[in-house]
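These are my notebook entries on how the helices of one chain pack and on a few residues I looked up along the way.

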Amino acid sequence: PMVSGIAPRIAVERLRAFYKRFAELDRKREEYILGEGLFGLTKTEFPTLARTEKELKLLSRLYDLYTEVLAYVSRYEETLWSEVDLSEMDNGMGDFLSRCRKLPKGLREWPAFNELKQMIDNIKAVAPLLVMLKDPAVRDRHWNSLSSMCGVELDPTLPRFKLKTLFDAGLFRFREEVEDLHTSAQRE
């Protein structure tokens, strides 16, 4: 999982496999220590195993948070636009951002950390825009204008219109345009 250049999702799978392998090696280490104690031998040190355990624990913190954020985002992506609770989503992402910032500095060099932080930042940037788009003043013509800006058909009147559609449209790239659109909708 510490190989640079691999996708974080693959690293999560590798981390699980490494944990299994580490558990086997750690169990053997315990047996060796017991055997050495039984025969009165000096205890053998396993510095590589101790270092590996520390690295696995650190990586586990990062990838556990990464997996948790992915699950949270996936749940919201599948939520219908008409049923989404934007304040709850924003609060949850704020908690994730806080937890992300509290991770040890050594983990901040890893691609998974950067991808995780970018994902959280993008959703935090989109949340206020989504609140603006939820405003009843935003009408079909405003959605049509937004659709042409994003290059994606956005029709919130469709019964299966999900939040994922807005995330996939890259709404965070059109922050100023959405703000202008909302302002003009309110004036009308």
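**Entry 1, a loop residue.** I began with Phe-174, which is buried, because its relative accessible area of 14% falls under the 20% cut-off. The model I am reading is a predicted one, and I keep that in mind throughout. I then looked up where Phe-174 sits, and found it in the loop between H6 and H7. Setting aside neighbours up to four places away in sequence, I listed the contacts of Phe-174 as Met-149, Cys-150 and Ala-169. I also checked Phe-174 against Val-69, which is 105 residues away along the chain, and the C-alpha atoms of the two are separated by 24 Å.

**Entry 2, H5 and H7.** Next I turned to H5, which covers residues 140–150, and to helix H7, residues 175–187, whose axis comes within 11 Å of that of H5 and crosses it at roughly 165°. I noted the pair as roughly antiparallel, because the angle is over 145 degrees. The crossing of H5 past H7 is right-handed. On the H5 side the contact is made by His-142, Ser-145, Leu-146 and Met-149, and on the H7 side by Glu-177, Val-178, Leu-181, Ser-184 and Ala-185. Sorted by class, the residues of this contact are five nonpolar, three polar and one charged.

While on H5 I also looked up Ser-147, which lies in this helix. Is Ser-147 buried or exposed? Its relative accessibility is 12%, so I entered Ser-147 as buried. Beyond the neighbours within four places in sequence, Ser-147 is in contact with Val-152, Glu-153 and Leu-154.

**Entry 3, H2 and H3.** For helix H2 (residues 47–77) and helix H3 (residues 86–101) I read a packing angle of about 170°, with the axes 11 Å apart. That angle makes H2 roughly antiparallel to H3, and their crossing is left-handed. H2 contributes Leu-65, Glu-68, Val-69, Tyr-72, Val-73, Arg-75 and Tyr-76 to the contact, while H3 contributes Glu-88, Met-89, Gly-92, Met-93, Phe-96, Arg-99 and Cys-100. The contact of H2 with H3 holds nine nonpolar, one polar and four charged residues. Val-69, which I had used for the distance to Phe-174, is thus among the H2 residues I listed here.

**Entry 4, H1 and H2.** I then followed H2 to its packing with helix H1 (residues 8–38), where the angle is about 145° and the axes are 10 Å apart. H1 passes H2 in a left-handed crossing. The H1 residues in this contact include Leu-15, Phe-18, Tyr-19, Phe-22 and Leu-25, and those of H2 include Leu-56, Leu-59, Tyr-63, Tyr-66 and Leu-70. By class I recorded 14 nonpolar, three polar and six charged residues in the contact of H1 with H2.

**Entry 5, the nonpolar core.** Which residues touch the most other members of the largest nonpolar core? Of its 55 residues, they are Leu-130, Leu-133, Leu-166 and Leu-171. The elements that give two or more residues to this core are H1, H2, H3, H4 (111–134), H5, H6 (163–168) and H7. I took Leu-130 as the one to follow up, and, not counting residues up to four places away in sequence, Leu-130 touches Trp-81, Leu-86, Met-89, Leu-163, Leu-166, Phe-167 and Leu-171. Met-89 I had already entered as one of the H3 residues in the contact with H2.

Conventions:
Residues numbered from 1 in each chain as written. Predicted model: local features only at pLDDT ≥ 70, side-chain atom pairs only at ≥ 80, totals over all residues. Heavy atoms only, no water. Buried < 20%, exposed > 50% of the residue type's maximum accessible area, 1.4 Å probe, protein only. Contact = heavy atoms within 4.5 Å. Axes fitted to C-alpha atoms, helices over the stretch in contact; angles between N-to-C directions. Parallel < 35°, antiparallel > 145°, perpendicular 65-115°, else oblique. Left-handed = near helix turned anticlockwise from the far one by under 90°. Nonpolar A, V, L, I, M, F, W, Y, C, P; charged D, E, K, R; others polar. Core = buried A, V, L, I, M, F, W, Y, C linked by side-chain atoms within 4.5 Å.
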